[in-house]
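Hi,

Here is the structure I promised to pass on. Have a look at it first, then read my notes below.

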Amino acid sequence: MKISVLIPTTGEIATVREHAAIADQLRYDSINCSHIAARDSFTTLAGLAHLAPSVTLATAVAPIYHRSPASMAQTAATVDDLSGGRFRLGLGTGHRATMGGWHGQDIGNPVAEMREYVALVRSLLAGGEPPTGLRWNSSFAFNGFKPRADIPIYLAGLSPAMLRLAGEIADGVVLWACPASYVAEVVIREIAAGRARAGRDLAGFDICAAIPSAVVEDPAVAHRGIRTELHRYFGLPFYRAMFAQAGYEADIAAYDAAADVTAQRDAISDAFIEDLCAIGKPADVAAGVARYRAAGATNPMITNIAGTDLRPTLHAAVSA
């Protein structure tokens with residue numbers, strides 16, 4: 001059974017390297033790096049390739065609005081080549097606040113624009129005639145270098161519409177902050193509907209669900225850390241809609257009514273954290289991973305919780 005890890009691109013680079021080497025030694029399926037306001041995910045993965053020579057290297061995920069399709073195809077093909085054909089391209093839309101504020105880009109219709117973007121990236125990698133789009137167009141063509149045409153593409157999915165699109169056009173889906181109950185009750189149904197559009201079933205489709213995880217003596221330490229991380233997501237429209245559909249409207253209402261940041265963090269319920277995370281002794285982490293497998297995740301992806309040590313968590317999770 002597959003298991004993956006998201007390695008933070010923050011902190012000391014020596015720690016990032018150590019985590020990658022451990023994941024490779026433990027035979028994790030993939031090492032993933034998110035594309036946040038820290039180290040560039042693609043460059044980090046290229047730098048880790050020689051330290052982790054066996055695992056897949058993946059972005060989880062890179063927002064489509066920060067690179068043109070031509071630049072994305074070129075970057076993905078380069079990291080794939082440097083790693084000996086071990087790269088996987090994870091794509092997402094990002095959020096209007098960050099794409100506008102960081103990159104000066106507007107998100108229009110995210111589902112339609114993602115469909116167009118993926119079609120163009122695939123065409124450029126395959127050396128085909130680039131399709132004409134409403135948002136994305138390119139006359140780019142590789143010259144003197146032939147990329148791997150079938151680099152896997154995973155999409156970040158939260159909403160039913162994006163989950164259906166992932167099932168229809170992608171090789172897998174990356175889920176972030178999606179409680180296990182949402183995976184079981186919404187994700188599997190919508191992915192299956194998207195696969196049916198393309199005349200396929202769920203066989204071979206990878207459901208990579210992030211699980212904030214921590215081996216700790218005192219779970220309160222991890223609870224404080226995950227509340228700090230989740231705080232900003234409760235203010236983002238895409239995530240708020242998903243949390244509500246997952247049945248946590250009360251958490252959102254309490255968050256909105258909170259008087260300050262501390263109260264907003266405290267508004268995130270223990271029930272939500274228990275549904276989302278795998279925290280406690282090694283057996284508790286393994287049980288949390290198993291819970292996601294039972295919900296339908298084919299490739300659980302552990303993520304570190306702020307203030308905790310990822311190393312014992314890597315060892316505990318791989319046994320699930």
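Cys277 counts as buried because its relative accessibility is 4%, under the 20% cut-off. Keep in mind that this is a predicted model. Does that cysteine's sulfur have a partner, or is it unpaired? The closest cysteine sulfur, in Cys178, is 12 Å from that of Cys277, which is too far for a bond. In fact, the structure holds zero disulfides. Cys178 is in no disulfide either, as its nearest cysteine sulfur, in Cys208, is 12 Å away. With a relative accessibility of 1%, Cys178 counts as buried too. In case the term is new to you: a disulfide is a covalent bond between the sulfur atoms of two cysteines.

Now for the strands. Take E2, which covers residues 30-33. Ser30 and Asn32 point one way from this strand, Ile31 and Cys33 point the other way, and all of them are buried. That fits the usual pattern: in a regular strand the side chains alternate between the two faces of the sheet.

So what does E2 pair with? One neighbour is E1 (residues 4-6), which runs parallel to E2 and is joined to it by three bridges. Another is E3 (residues 56-59), also parallel, with four bridges to E2. Ser30 turns up in both pairings: it is the bridge partner of Ser4, and it stands opposite Thr56 in E3.

Helices come into this as well. E1, helix H1 (residues 13-25) and E2 form a right-handed β-α-β unit. E2, helix H2 (residues 41-48) and E3 form a right-handed one too.

Cheers

How values were computed: Residues are numbered from 1 along each chain as its sequence is written. This is a predicted model: local features need pLDDT of at least 70, side-chain atom pairs count only at pLDDT 80 or more; totals for chains, interfaces and linings use all residues. Side-chain values use heavy atoms; hydrogens and water are left out. Buried means under 20% relative accessible area, exposed over 50%, partly exposed in between (1.4 Å probe, protein chains only). Helices (H or I, at least four residues) and strands (E, at least two) are DSSP runs, numbered from the N terminus. Two strands pair if DSSP finds at least two bridges between them. A crossover is right-handed if, with the strands pointing away from the viewer, the path from the first strand over the helix to the second runs clockwise. A disulfide is a pair of cysteine sulfur atoms within 2.5 Å.
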